[in-house]
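The following exercises invite the reader to work through a structure step by step. Each task is followed by a worked solution.

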Amino acid sequence: MKEHNPINERIKRKYFSFLKEAMRHSEPTVDAAAKALSRFETYTRHRDFKAFHFEQAIAFKNNLAGQKGKRSGEKLSKATLHATLTQLKRFFQWLAREPGYKSRVQYTDAEYFNLSEKDARIATAKRQRGFPTVEQIKHVIGKMPVNTEIERRNRALVAFTLLTGARDSAIASLKLKHVDLIAGCVNQDAREVKTKFSKTFNTYFFPWVRKFVYSYRSGYHT
């Protein structure tokens, strides 16, 4: 069985460049598109994209709905189906406008990657994520050991997360100069801090936990 199609690889490379340079998408977004296309090509046995037809989209959609996750062993979630099919829909809509494909790929055929309205609502439903309460975090901080510098650092990081509500990637890339204790805020400068969507903004300490966190300063040896 073919492991790749050179013609497909060339047009995919052009598409990934389009996503990154023209649409300004991040690497994870480009990777998601690549993963979706890999799934589709595995199903079609790397058939030339010029042979794409709406019946392929329907058949692949049905096949994907019956697949199971490698880790969970359960059928793929509606969210995974929606994300994969959306990436494929966008690709073939883009492809239908490309030279050499315009006469072969119908723009409207990409619509057959759509889920049913019911499944789409399930896939895009907003679900509230569980999170620890302030009391639970306070309990964790109070129980964390402080015998070594590493242990005190770990305790400080948990307290800092509670104090600022900053994202993990942002905290991991912060420097001491970004923390303003007088103003009670953190300057999340996107030039140096890994912020969401690379936006620059200030995160102010939560006033209702500031007093609690400061009460542990002696434990941090600051």
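**Exercise 1.** Determine which residues of H2 meet which residues of H4, and how the two helices are oriented in this predicted model.

Solution. Begin with the contact itself. On the side of H2, the residues are Thr29, Ala32, Ala33, Ala36, Leu37, Arg39 and Phe40. They meet Thr80, Thr84, Gln87, Leu88, Phe91 and Phe92 of H4. Sorted by class, this contact has eight nonpolar, four polar and one charged residues.

Next, consider the geometry. Two packed helices are described by the angle between their axes and the distance between the axes. The axes of H2 (residues 27-44) and H4 come within 9 Å, and they cross at roughly 90 degrees. Angles of 65 to 115 degrees count as roughly perpendicular, and H2 is therefore roughly perpendicular to H4.

**Exercise 2.** Carry out the analysis for helix H4 (residues 78-95) and helix H5 (residues 117-124).

Solution. First, the axes of H4 and H5 come within 8 Å and cross at roughly 105 degrees. The two helices are therefore roughly perpendicular to each other. Second, the contact is made by Lys78, Ala79 and His82 on H4, and by Asp119, Ile122, Ala123 and Thr124 on H5. Third, the classes of these residues are three nonpolar, two polar and two charged.

**Exercise 3.** State what the backbone angle phi shows for Arg45 and for His46, and decide whether each residue is buried or exposed.

Solution. Start from the expectation: most residues other than glycine have a negative phi. Arg45 is not a glycine, yet its phi is positive, at about 60 degrees. His46 also has a positive phi, near 60 degrees, and is likewise a residue other than glycine.

Then locate the residues. Arg45 lies in the loop between H2 and helix H3 (54-66), and His46 is found in the loop between H2 and H3.

Finally, apply the cut-offs: buried means under 20% relative accessible area, and exposed means over 50%. Arg45 has 59% relative accessibility and so counts as exposed. His46 has 10% and so counts as buried.

**Exercise 4.** Describe the open sheet and explain why E1 and E3 stand at its edges.

Solution. The sheet has three strands in the order E1-E2-E3, and the pairing is antiparallel. Strand E1 (179-180) and strand E3 (201-204) each have a single partner strand, so one side of each is left without a neighbour in the sheet.

Now take the pairs in turn. E1 and E2 run antiparallel and are joined by two bridges. Val179 has Val186 in E2 as its bridge partner. These two strands form a hairpin with four residues between them. In the turn, Gly184 has a positive phi of about 70 degrees. On the other side, strand E2 (residues 185-188) pairs with E3 in the antiparallel sense over four bridges. Here Val186 stands opposite Thr203 in E3.

**Exercise 5.** Find where Phe160 lies, whether it is buried or exposed, and which residues it contacts beyond its sequence neighbours.

Solution. Phe160 belongs to helix H7 (residues 149-164). Its relative accessibility is 16%, so Phe160 counts as buried. Leaving aside neighbours within four places in sequence, Phe160 is in contact with Gly165, Ile171, Leu174, Val179 and Val186. One of these contacts, Ile171, is 11 residues apart from Phe160 along the chain, and the C-alpha atoms of the two are separated by 8.7 Å. Two others, Val179 and Val186, are the bridge partners met in Exercise 4.

**Exercise 6.** Work out the surroundings of Gln188 and Thr195, including the polar partners of their side chains.

Solution. Gln188 lies in strand E2. With a relative accessible area of 4%, Gln188 is buried. Its side chain makes a polar contact with the side chain of Thr203 at 2.6 Å. Beyond four places in sequence, the residues that Gln188 contacts include Ala166, Ala170, Val193, Thr195 and Phe201.

Turn to Thr195, which sits in the loop between E2 and E3. Thr195 is buried as well, with a relative accessible area of 11%. The side chain of Thr195 reaches the backbone oxygen of Lys199 at 2.7 Å. Not counting residues up to four places away in sequence, Thr195 touches Gln188, Ala190 and Phe201.

How values were computed:
Residues numbered from 1 in each chain as written. Predicted model: local features only at pLDDT ≥ 70, side-chain atom pairs only at ≥ 80, totals over all residues. Heavy atoms only, no water. Buried < 20%, exposed > 50% of the residue type's maximum accessible area, 1.4 Å probe, protein only. Contact = heavy atoms within 4.5 Å. Pairing = 2+ DSSP bridges. Polar contact = N/O pair within 3.5 Å; in protein donor to acceptor, adjacent residues only side chain to side chain. Axes fitted to C-alpha atoms, helices over the stretch in contact; angles between N-to-C directions. Parallel < 35°, antiparallel > 145°, perpendicular 65-115°, else oblique. Nonpolar A, V, L, I, M, F, W, Y, C, P; charged D, E, K, R; others polar.
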